[in-house]
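Biologist: Could you take me slowly through one part of this model, the place where two helices meet, and then through the rings?

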Amino acid sequence: MKYVAFLRAINVGGHAIIKMLDLKKMFESAGLENVQTYIQSGNVIFESEEEDTDVLSKRIQHPLKKAAEYKIHLFVRTMREVRSIAEKSPFTAKGAETVFVAFLQKKPDRKSQQALLSFKSDVDDFAVKGREVYNLRRGRENSIFSTNFVEKILKMPATIRKGTTITKILEKFT
């Protein structure tokens with residue numbers, strides 16, 4: 001089975017600098033196969049016979065923590081789930097707009113979802129589908145959407161990727 005691990009906050013802003021070759025070796029040391037990385041921001045594609053993404057996350061967590069010296073949150077999805085995330089996006093960017101996806105460990109409760117959706121504006125639109133939060137950003141300068149914003153409102157770890165990054169992963173690795 002093919003998977004994508006989206007790692008939070010590595011090689012961004014000078015924090016948790018991990019070379020892609022070292023990241024690849026960490027995943028291989030966790031018993032994962034055909035490991036490949038995509039761009040420097042922590043996207044790792046791999047294969048495993050393990051079908052439980054929670055088990056995979058725990059297996060990968062130890063070598064990551066050892067390398068970074070603190071816990072790096074990661075969000076593992078099957079390639080099929082990644083395709084569904086891309087295909088079922090409620091937003092399509094036009095012109096200068098950008099679509100983002102925030103990956104979460106679990107589906108946020110209804111109260112948290114409503115809190116997030118209350119921040120919809122002319123600049124930011126939001127949708128929650130399962131373990132993902134979608135954002136349509138219409139203006140970078142005035143947008144409130146960020147990893148810290150999502151984590152504060154939903155009270156859980158998250159990591160964000162542009163919709164175009166997700167599409168490129170699908171094109172390159174499927």
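Modeller: In this predicted model, Ser112, Gln113, Ala115 and Leu116 in α4 meet Phe149, Ile153 and Leu154 in α5, where meeting means heavy atoms within 4.5 Å and helices are DSSP runs (H or I, at least four residues). The residues of this contact divide into five nonpolar, two polar and no charged, with Ala, Val, Leu, Ile, Met, Phe, Trp, Tyr, Cys and Pro counted as nonpolar, Asp, Glu, Lys and Arg as charged, and the others as polar. The axes of α4 (residues 110-117) and α5 (residues 147-154) come within 9 Å and cross at roughly 135 degrees, and the two helices are therefore oblique to each other, a word for angles outside the ranges under 35, 65 to 115 and over 145 degrees.

Turning to the rings, Phe149 of α5 also belongs to a cluster in which ring pairs link it with Phe100, Phe119, Phe126 and Phe145; rings pair if their centres lie within 6.5 Å. Phe100 has a relative accessible area of 9% and is buried, and Phe145, with 5%, is buried as well, buried being under 20%. A search of the whole structure finds eight aromatic pairs.

As for the conventions, residues are numbered from 1 along each chain as its sequence is written. Local features need pLDDT of at least 70 and side-chain atom pairs 80 or more, while totals for chains, interfaces and linings use all residues, and side-chain values use heavy atoms, leaving out hydrogens and water.

How values were computed
Axes fitted to C-alpha atoms, helices over the stretch in contact; angles between N-to-C directions. Phe/Tyr/Trp six-rings, centres within 6.5 Å; stacked < 30°, edge-to-face > 60°. Buried < 20%, exposed > 50% of the residue type's maximum accessible area, 1.4 Å probe, protein only.
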